[in-house]
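User: Can you walk me through this one? I'd like to start with a single residue and then get to the pockets.

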Amino acid sequence: MKPASTTRTLQRARALMERCLRPGRASSLAAEFPLIFDERFSGRVVAYEEKGDVRSTCAMIVRDLVVQGARLRVGLLGSVATEGAWRGRGLAARVLEEAEAGLAREGCVAALLWADDPNFYAARGYRPIGWEVDFVVPASALAQVTTDAVIRAMALDDFGAIQRMYSLHAARVDRSAEETDALLNCPGMLTLVLQRDRDVVAYACLGRGADFPNTVHEWGGDQNDVVFLLAEHARRAEAAGHDGALALIAPPSATILRERMKSLGAEVVEGVLAMAKVIDSEALSELFDRFGGELRAEHDATPGQQSSVVVRGPLGRCALSDEQALAVLFGVRGDRSAVLELERVLGGVAPRLPLSPFVWGLDGI
């Protein structure tokens with residue numbers, strides 16, 4: 001088992017992913033996930049090979065999350081696939097372990113993934129973290145939303161404006177302009193921009209390959225303008241034969257968008273950001289120490305004991321497992337109950353917790 005370092009292994013790993021994850025589809029994962037398969041970028045594939053064939057594989061990429069003005073290094077995992085006849089032999093678990101070891105070597109605090117089978121990953125130490133808000137709004141409600149601004153499909157010379165708007169998000173993946181350019185060319189995606197005078201001031205991406213059907217998964221600019229873009233996406237979808245609802249994904253900080261969506265009769269679903277597993281307990285302790293306010297933390301590396309985060313406050317100390325520390329740092333749907341309990345026990349306050357990182361749709365693998 002090793003990173004897919006040769007062209008042949010990479011091709012076979014990608015072919016396995018396409019057979020398992022895109023059955024019957026002609027599109028290539030290389031086009032859908034350029035950060036993984038384009039040699040210009042840092043993503044890579046881990047593969048388990050036997051007798052010259054790839055039996056199990058997954059994709060991985062190291063990313064810096066921007067949250068509360070700080071950077072948090074994590075690994076994103078995805079596209080886990082195992083040949084049908086080889087399932088049930090623990091190969092996916094072995095591939096994940098190799099990927100996690102690689103992330104540890106690159107200084108990642110945690111691994112994040114999006115799971116079709118949460119139970120499989122929960123058994124391997126992954127826990128839900130964070131918060132995203134999903135809106136589902138009837139196309140008929142969006143029909144009444146209009147604007148005098150120009151809305152059109154994205155053009156090549158819009159990339160710079162889109163990158164600038166993306167970089168204004170307080171919670172995001174730290175993404176380069178070259179990476180954004182590559183991602184905006186993903187197949188099966190329509191990106192609309194809203195223009196006032198000569199300036200592009202908002203954008204919204206709908207669909208991405210086989211992912212995010214009828215869903216705006218990334219956007220930027222004024223949140224009221226995003227509603228105009230969603231309405232135009234709905235009109236274009238209706239013209240193409242889709243007359244149902246459209247979905248939109250947003251961070252919990254998008255309060256204006258939430259109110260606009262509610263006024264249009266949207267269904268609001270409070271979701272989780274991802275499933276996560278601690279990769280580096282010491283780095284997790286440093287993160288806790290940075291954002292824990294009056295609660296200070298250090299890593300307990302006592303030989304023979306499970307790694308833990310030791311938190312100290314005015315009233316004493318408390319040892320947390322990695323999973324408990326995740327719950328405090330990245331409470332599911334903004335839940336502060338774990339933070340409040342820690343404050344009660346230790347007598348200090350941690351007003352900046354939990355953190356709310358966010359990964360936009362173009363960054364998912």
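**Gln-163 and the pockets**

Analyst: Apart from neighbours within four places in sequence, Gln-163 is in contact with Arg-175, Ser-176, Ala-177 and Thr-180, where contact means heavy atoms within 4.5 Å. This is a predicted model, so local features need pLDDT of at least 70, side-chain atom pairs count only at pLDDT 80 or more, and totals for chains, interfaces and linings use all residues. Residues are numbered from 1 along each chain as its sequence is written, and side-chain values use heavy atoms, with hydrogens and water left out.

User: Which helix is Gln-163 in?

Analyst: Gln-163 sits in helix H7, residues 159–167. Helices (H or I, at least four residues) and strands (E, at least two) are DSSP runs, numbered from the N terminus.

User: Is Gln-163 buried or exposed?

Analyst: Gln-163 is buried, as its relative accessible area is 12%. Buried means under 20% relative accessible area, exposed over 50%, and partly exposed in between (1.4 Å probe, protein chains only).

User: Which residues of H7 are buried? And what covers them?

Analyst: The buried ones in H7 are Phe-159, Ala-161, Ile-162, Gln-163, Met-165 and Tyr-166. Their cover includes strands E9 (172–173), E10 (190–196), E11 (199–208) and E12, plus helix H8 (177–184).

User: What about Asp-181, buried or exposed?

Analyst: In between: Asp-181 is partly exposed, at 27% relative accessibility. Asp-181 is in helix H8, and its C-alpha is 8.8 Å from that of Leu-156, 25 residues apart along the chain.

User: OK, pockets. What's the volume of the largest pocket?

Analyst: About 1,100 Å³. On a 1 Å grid over the protein atoms alone, a pocket is an open set of points where a 1.4 Å probe fits, with protein on both sides within 12 Å along at least five of seven lines; lining residues have an atom within 4 Å of a point. Grid points are joined across faces, edges and corners, and the volume is the space filled by probe spheres set on them.

User: What lines the largest pocket?

Analyst: 41 residues, with Gly-78, Ser-79, Trp-114, Ala-115 and Asp-116 nearest its centre. Elements giving two or more residues include helix H1 (7–21) and strand E4 (70–82); E4 gives the most, 6 residues.

User: And the second largest pocket, what volume?

Analyst: About 310 Å³. Of its 16 lining residues, His-169, Ala-170, Ala-171, Pro-251 and Ser-253 are closest to the centre.
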